[in-house]
Amino acid sequence: MLADSLSKSMRILSLYERLCQGEVIQRQTLAEEFGVDPKTISRDLNEIQQYLDQNHQGVPGGTITYDRSLGGHILMKDASFWLTKEQVLILAKVFLESRALPKEEMDQLLDKLVLHCDPDSRKLVKNIIANERFHYKAVGHNQPLLDKIWGLSNAIFQQKITAINYQREGEEQPTTRIVEPLAIIFSEFYFYLLAGIKGKDYDFPTVFRIDRINDYQVTADNFKVVYAQRFEEGIFRKQVQFMQTGKLFKVRFKYWGTSLQAILDRLPNARIVSQEEDSYIIEAETFGRGILMWLLSQGPYVEVLAPEDFRNQMIANIIQMKEIYT
């Protein structure tokens, strides 16, 4: 009797899973697969419908209906249940462009994402992204990240002190750090853990690339964060470039390039101080090392005006670059 009950449970769960994935349920075919009468499959479908009606209040559960053109039963879900084909396509494009995950994890992610598209659009979406998937090349570390990111995210949520073994590029052995994990951010191909070093005062957190964390151990000890002084990754994002920190300061520069919008998108907290005929004076609060790298990348289209020590630092870098070529 117990075996029969387990057999029925597994059969119903299998039917429900197939329906949720958009499969067509043909009674005769399924009856032969499970070794039961087609009427048993009908009763199973009725039980699944009762479950959908009773346990999905306020959430679109769907209706099992017979589609004559398909020759079987399908689960008709409310349109709000599915991601639209446009939404799935945009997410897939963003994931592929990030190059952040090794190919195996990226393939798994995309396969599951496409399953959340309405069944009629899945094949089309798969075909549109097929070429990009085929040529997908992850960044060089090739480290699995999903489990590590989830584990560290839990440590952040629970405010648990964590020991990480971190190996910088070029180092032969990792260094163990005891940290207070604060946030995880994705930027420029990589995922980063932002954390305070336990026992040290800091104005801004230390940045660790997650693929360089060889392993970690979440301890049983908690750390406290004063709400008014909590780290806000949204504000940090507006201030940091290339995940390079340093001293937080206000920079003023002159810009006469062709795309002001690109500058304002790159520096979300920037403001235009004044405008001349062919140039703009812009101010932004940012970290030193990252903004230095970015401003140098703008070549002859920017001039740093203030602060003076940062302007001199820019000049010194430009002179050093010139010497390389002369």
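**A four-stranded sheet and its helical neighbours**

Arg271 of strand β9 stands opposite Glu283 in β10, and this cross-strand pair is a convenient place to enter the predicted model. Strand β9 spans residues 271-275 and pairs with β10 in the antiparallel sense, over 4 bridges. The two strands form a hairpin, with 4 residues between them.

On to β10 itself, which covers residues 280-287 and is mostly covered, with 6 of its 8 residues buried. Besides β9, strand β10 has β8 (residues 248-255) as an antiparallel partner, and 8 bridges join these two. Within this pairing, Lys250 stands opposite Glu285 of β10.

Strand β8 also reaches β11, to which it is joined by 4 bridges, again with the strands running antiparallel. Here Lys254 is found opposite Glu303 in β11.

Put together, these pairings give an open sheet of 4 strands, in the order β9-β10-β8-β11 and with antiparallel pairing. Strands β9 and β11 (302-306) stand at the edges, and each has a single partner strand, so one side of each is left without a neighbour in the sheet. On average, neighbouring strands of this sheet are turned by 30° against each other, direction ignored. As a reminder for reading the side chains, those of a regular strand alternate between the two faces of the sheet.

The sheet also has a helix to consider. Helix α11, made of residues 308-325, lies across β8 and β11. Relative to β11, helix α11 runs at about 145°.

Elsewhere in the chain, a pair of helices deserves a look of its own. Helix α4 (residues 85-98) and helix α5 (residues 103-115) have axes that come within 10 Å and cross at roughly 175°. With angles over 145 degrees counted as roughly antiparallel, this crossing makes α4 roughly antiparallel to α5. On the α4 side, the contact is made by Val88, Leu91, Ala92, Phe95, Leu96 and Ser98. These meet Met106, Leu109, Leu110, Leu113 and Val114 of α5. By character, the residues of the contact of α4 with α5 divide into 10 nonpolar and 1 polar, with no charged residue among them.

Technical notes
Residues are numbered from 1 along each chain as its sequence is written. This is a predicted model: local features need pLDDT of at least 70, side-chain atom pairs count only at pLDDT 80 or more; totals for chains, interfaces and linings use all residues. Side-chain values use heavy atoms; hydrogens and water are left out. Buried means under 20% relative accessible area, exposed over 50%, partly exposed in between (1.4 Å probe, protein chains only). Two strands pair if DSSP finds at least two bridges between them. Axes are lines fitted to C-alpha atoms, for helices over the stretch in contact, and angles run from 0 to 180 degrees between N-to-C directions. Contact means heavy atoms within 4.5 Å. Angles under 35 degrees count as roughly parallel, over 145 as roughly antiparallel, 65 to 115 as roughly perpendicular and the rest as oblique. Ala, Val, Leu, Ile, Met, Phe, Trp, Tyr, Cys and Pro count as nonpolar, Asp, Glu, Lys and Arg as charged, and the others, Gly among them, as polar.
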